[in-house]
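The following paragraphs discuss a metal site and the enclosed spaces of one protein. Please keep the sequence and the coordinates at hand.

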Amino acid sequence: MKFLGKPRSQPAAFLPLCWLFLRILQPGHSHLYNNRYAGDKVIRLIPKTEEETYALKKIHHQFKVDLWQPSSISYVTEGTVTDVHISQNASRALLAFLQEANIQYKILIEDLQKVLENGNSLPTQRNRRSLSEYNYEVYHSLEEIQSWMHHLNKTHSGLIHMFSIGRSYEGRSLFILKLGRKSRAYKRAVWMDCGIHAREWIGPAFCQWFVREALLTYRSDAAMRKMLKHLYFYIMPVFNVDGYHYSWTHDRFWRKTRSRNLRFHCRGVDANRNWKVKWCDEGASMHPCDDTYCGPFPESEPEVKAVANFLRKHRKHIRAYLSFHAYAQMLLYPYSYKYATIPNFNCVESAAYKAVKALRSVYGVRYRYGPASRTLYVSSGSSMDWAYKNGIPYAFAFELRDTGHFGFLLPEMLIRPTCTETMLAVKNITMHLLKKCP
Ligand SMILES: [Zn+2]
């Protein structure tokens, strides 16, 4: 069974039979992604010495591991929390190697395929029939997200305007929702993008949640009403459309775009290393096969170029840039590429502090916050630094839930709590903007 094939219309008589067949298949026997992750493990390693760090780097090259955290092996030093996804075949040899070398490890996920199938509902269980009853507590394919956007554009024309800012490498439209009460008066704006990295599915889920909350509460909630009255929100629910699609159809853990390289068989560029700000320096790779590949030149990716062009054109009235990633539970602000303090540190810092405090008030979930370079790691060519350097005074990157228990496979059950608490943080930052702080 195809994971995401659109259900074709079937003659009515076949439906009960199909239903019965699907009931027998589920749960857990639907073979998402052709069962390719059966028996795969996710292991956490924290090297304690220089020798262990060296051994870990050797493992990375030798065992073809898929690094979940941090995004590049070059970031790993003593004390770095390192999560690796390893195939069933390689796991036996790897575990033996770790035991031999006396390196401590923790198995975070015993069988990746099982977690993948337990956490996500099957397409048959999903609400696809009616967009007015769109289910915000499941992950949606690109096709579903785009028809949801078209639907909102038609049904909420007073508050929502949808447009495209260009096309992806594979020719998909790059859609944006402009949200806010229409006004002839000058209005400032907030930019939000989700899904720069394909496998971080909670991001696009949050962008959709934000739109839903805005539509549901702007009449009853004074803060939301104020936000939509005084600001426009430009929301890009899926930035890396090609990568996101690929993460649904082929490789659940794909991160980059899908552009081809002339000299290497490896595809894709890290869309968060491709911006013209200290491009391809520390924390970015020049190798096309790496997950943090910066690309052949800045803005080489049509998705990055389209967003950069849009932000350049509107930078005078865009006051905040918010980007949503996963996973680490952090709220980051510039700089990413250096350790220096930003000029408007006090304003940004207090916004971050209040946002994280508001987030924690809901379920007690703790977020670390601070400059990305010190809080996460140094990375050059990121969208957040670029936005800040191009005159957007509030630039933030969220690393949403969790801290490694499910990693990229955050179960659909956790979409609601994650989005509810994140919503408070975003509203806090936005309200902060409306007050006087340069
Ligand atoms: Zn990311």
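A residue is called buried under 20% relative accessible area, exposed over 50% and partly exposed in between, with a 1.4 Å probe and protein chains only. By this rule E200 is buried, at 4% relative accessibility, and H325 is buried as well, at 3%. The model is predicted: local features need pLDDT of at least 70, side-chain atom pairs count only at pLDDT 80 or more, and totals for chains, interfaces and linings use all residues. Residues are numbered from 1 along each chain as its sequence is written, and side-chain values use heavy atoms, with hydrogens and water left out.

Both residues belong to the zinc site. Donors are N, O and S atoms within 2.8 Å of the metal (3.2 Å for Na, K and Ca); because water is not among the atoms, sites may look incomplete. The zinc ion is bound by ND1 of H197, by OE atoms of E200 listed twice, and by ND1 of H325, at 2.1 to 2.3 Å. The donor residues follow the spacing H-x2-E-x124-H. E200 sits in the loop between β7 (188-194) and α6 (202-217), and H325 in strand β9 (residues 318-326), so the pair ties together parts 125 residues apart in sequence. Here helices (H or I, at least four residues) and strands (E, at least two) are DSSP runs, numbered from the N terminus.

E200 also appears among the residues that line the second largest cavity, including R199, W201 and R401. A cavity is a set of points on a 1 Å grid over the protein atoms alone where a 1.4 Å probe fits but cannot get out; lining residues have an atom within 4 Å of a point.

Technical notes: 1 Å grid on protein atoms, 1.4 Å probe; cavity = no way out; pocket = protein on both sides within 12 Å on 5 of 7 lines; lining within 4 Å.
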